[in-house]
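Student: Please take a close look at one part of this structure, the largest pocket, and the elements around it.

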Amino acid sequence: MPQLKHHGLKIIDSMHVELRFGIVELIDRRQFPAWIGVDYLSEDQRTALKRFNNREYLQCCSKLRDTSLKMIHALNYLGSTLLVMENRDQYAYDGASMEHAAIYFSALNEAPYHLDAYISYLRILADCLSFAIPFFYVKAKGIENRSFRKHKTWFLETFPDFDPEYSAILQSHTKWFDLLAAKGDANGEGIKGIRDINYHRFATYQFGSRPLPNGQHRILISHVTGEGIQRSDLLATLEELTHDFFQFLELTHVHFAALASKEVPQHPWSSEERSILMEFEIKDVRAKYRFFPMID
């Protein structure tokens with residue numbers, strides 16, 4: 001597995017946390033307006049950058065950043081509600097005041113909203129990436145860019161030799177997309193992605209818990225449809241999905257930063273510092289951002 005440097009949670013010290021999401025900064029920096037007034041570019045470099053002078057690309061950059069921030073907030077809220085449920089004996093117990101009990105039941109009611117949001121934002125991010133990535137190639141005409149599913153098929157099946165390195169990344173690190181949006185087998189049967197189950201199979205969440213020796217509770221969330229329980233531990237699925245997604249982002253970032261460096265070698269495209277999307281101070285950061293992989 002790739003060592004994460006540009007994507008994940010980096011705890012600097014007890015008062016300083018970085019959330020890195022380098023692919024956003026990489027795609028954002030390729031916008032043509034970002035280079036207006038930069039005096040070290042050659043004429044050939046300016047010409048190459050003009051292919052990014054595209055209104056849809058600019059809008060995609062805005063959507064990518066907006067969705068990434070929303071996804072991060074959704075994970076924070078989801079982690080916060082799970083933290084309350086894990087410590088429910090502090091809130092919902094015999095004789096608990098209404099104020100204390102309300103904190104627990106509010107968390108129980110809010111968690112489905114944050115689950116829905118996180119799952120939806122992941123799907124939007126996938127399509128943002130599929131649209132932006134073809135611009136990194138000098139000859140991008142014909143590359144599927146309107147959905148990640150078609151984008152993946154184009155690189156893996158239609159033209160696997162167009163960029164073998166990127167095709168290898170798609171081959172080895174898109175389990176996250178299958179968990180998110182798989183449509184089942186050729187007959188539409190079998191396990192479907194959690195997003196498609198939500199949108200097309202009327203799925204709901206079933207919450208349960210198991211007491212632990214330390215006084216906390218292990219939260220279990222099942223994904224349920226009219227056919228029964230589709231996944232008995234949705235949180236484990238989300239953790240697996242998120243970690244594979246971040247590995248995909250890391251490899252993709254490194255690959256396309258290298259392509260960008262061939263055109264504009266003067267710019268530090270793969271800088272860890274430029275991968276920081278947010279810096280903040282927060283209590284219980286590991287619990288609240290529990291799905292984010294750690295950067296050592």
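Tutor: What follows describes the pocket, then one residue in each of two elements that line it. The model is predicted, so local features need pLDDT of at least 70 and side-chain atom pairs pLDDT 80 or more, while totals for chains, interfaces and linings use all residues. Residues are numbered from 1 along each chain as its sequence is written, and side-chain values use heavy atoms, without hydrogens and water.

The largest pocket has a volume of about 240 Å³. Of its 14 lining residues, Glu86, Arg218, Ile219, Leu235 and Arg290 are the closest to its centre. A pocket here is an open set of points on a 1 Å grid over the protein atoms alone, where a 1.4 Å probe fits, with protein on both sides within 12 Å along at least five of seven lines; lining residues have an atom within 4 Å of a point. The volume is the space filled by probe spheres set on the points, which are joined across faces, edges and corners.

Helix 3, strand 4 (217–225) and helix 9 (234–263) each supply at least two lining residues, and strand 4 gives the most, with four. Helices (H or I, at least four residues) and strands (E, at least two) are DSSP runs, numbered from the N terminus.

Thr225 is found in strand 4. Thr225 counts as buried because its relative accessible area is 11% (buried is under 20%, exposed over 50%, partly exposed in between, with a 1.4 Å probe and protein chains only).

Ser68 lies in helix 3 (residues 55–86). Ser68 is also buried, at 0% relative accessibility.
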